[in-house]
Amino acid sequence: MLALLKRLRLGGRICLAVIAAYFALAVYGEVQYRVAKARDVTPSYNVVHEDARYQPPSAAHWMGTDNLGRDVAQRLVQGSRIAFHVGIMTSLIAIPLGVLLGLLGGYFGGKTDSVVVWLCATVASMPGLLFILAISMVVGQGILGIYLGIGLTTWVGVCRTIRAEVMKHRDRAYVQAARVLGYSPLRIMFRHILPNVAHIILIQFSIRFPGAVATEVFISFLGIGVQGEPSWGIMINNARLRLWQGIWWEMTFVSLAIFTLVLVFNHLADELRDLLDPALRNER
């Protein structure tokens, strides 16, 4: 990992620093949330202050207050917590599922590959947002429905990429040598091929993380996602109604937070692809 960091260009290192800052805010927000829950009190970011409604950015409130006098900066931090929850948990569902199916289809081929391709085509043919909304409605409104909805509908890209890479490796000399030695297919897939395509998993994670966050924001904006917590989507939905009145700060800071997070993850994905892809590695 340290060797990878040293090989990153300045832009990639800046992106990592920004992501680390977001992660630190998310950890702080998680601690704040857990402490309030353990004490069975209303978290400070949800406490209503009627006498502090619609205050613009100031020394007391760096990002102003909303229609209920709640501090926008504190709620933005909690939005970071929810964003990282969604990005990580959905990746823990989508990436292992995509990797497993991609390994099976790419290595065995034949009927196994046909089943994998059929599953990918079936899921990809469904309108992604509607599928996510359907799963969320079945499971129930809340963060669990978001996890399952996004996780079970975004594995197709990972599967296709891993499958294509495994098909390149399955006839190479080191795989044929492992077959001659009598190693089982599972051992060859997970002990020999998987380490050689692991860089694809890292790149896919950096690509799909901001996608999952953006999807959660949109679903929460529609009122189907996170409930009772300051998701960025909920904050945007609340702020848009007051934008025409000149209450610009909540919408502005939330939009900047989302834009920055998506931008740095996408740029980091490009950096990792250029660094780890063998076809592009010699061009650096």
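**Surface patch, aromatic pairs and a long-axis check**

Author: In this predicted model, a nonpolar patch on the surface is formed by Phe23, Val27, Val31, Val35, Ile88, Met89 and Leu92, with about 560 Å² of accessible area together. Helix H2 (10–39) and helix H3 (72–108) each supply at least two residues of the patch, and the largest share, four residues, comes from H2.

Reader: What makes isoleucine 88 partly exposed, and where is it found?

Author: Isoleucine 88 is found in helix H3. Its relative accessibility is 34%; buried requires under 20% and exposed over 50%, so isoleucine 88 counts as partly exposed. A patch residue needs over 30% relative accessible area, and the 34% of isoleucine 88 meets that cut-off.

Reader: How many aromatic pairs does a search of the whole structure find?

Author: The search finds seven aromatic pairs. One of them joins tyrosine 107 and phenylalanine 108.

Reader: Why is the pair of tyrosine 107 and phenylalanine 108 called edge-to-face?

Author: The ring centres are 5.2 Å apart, and the planes meet at 90°. Pairing asks for centres within 6.5 Å, and edge-to-face for planes over 60 degrees apart; both conditions are met, therefore the name applies.

Reader: Are these two residues, tyrosine 107 and phenylalanine 108, buried or partly exposed?

Author: Tyrosine 107 has 10% relative accessibility, which is under 20%, so it counts as buried. Phenylalanine 108, with a relative accessible area of 41%, lies between the 20% and 50% limits and is therefore partly exposed.

Reader: What makes the pair of tryptophan 248 and phenylalanine 253 tilted?

Author: Their ring centres are 6.3 Å apart, within the 6.5 Å limit, and their planes are at 40°. That angle is neither under 30 nor over 60 degrees, so the pair is tilted. Tryptophan 248 counts as partly exposed at 42% relative accessibility, and phenylalanine 253 counts as partly exposed at 21%.

Reader: How do you know that arginine 81 lies over the face of tyrosine 33?

Author: Arginine 81 is at 4.2 Å from the ring centre of tyrosine 33, and the distance cut-off is 6 Å. Arginine 187 likewise lies over the face of tyrosine 183, at 4.1 Å from the ring centre.

Reader: What span does helix H10 reach, and what is expected?

Author: Helix H10 (residues 198–221) has 24 residues and reaches 35 Å from its first C-alpha to its last, close to the expected 34 Å. Just after H10, glycine 223 takes a positive phi of about 85°.

Notes
Residues are numbered from 1 along each chain as its sequence is written. This is a predicted model: local features need pLDDT of at least 70, side-chain atom pairs count only at pLDDT 80 or more; totals for chains, interfaces and linings use all residues. Side-chain values use heavy atoms; hydrogens and water are left out. The expected span of a helix is 1.5 Å times one less than its number of residues. Patches are made of residues with over 30% relative accessible area and no salt bridge: like charges are joined within 9 Å, nonpolar side chains (Val, Leu, Ile, Met, Phe, Trp, Tyr) within 5 Å. Accessible areas come from the Shrake-Rupley method with a 1.4 Å probe; for residues, only the protein chains shown count as cover. A salt bridge is a side-chain nitrogen of Lys or Arg within 4 Å of a carboxyl oxygen of Asp or Glu. Buried means under 20% relative accessible area, exposed over 50%, partly exposed in between (1.4 Å probe, protein chains only). Rings of Phe, Tyr and Trp (its six-membered ring) pair if their centres lie within 6.5 Å; planes under 30 degrees apart count as stacked, over 60 as edge-to-face and the rest as tilted. A charge sits over a ring if NZ of Lys or CZ of Arg is within 6 Å of the ring centre and within 35 degrees of the ring normal.
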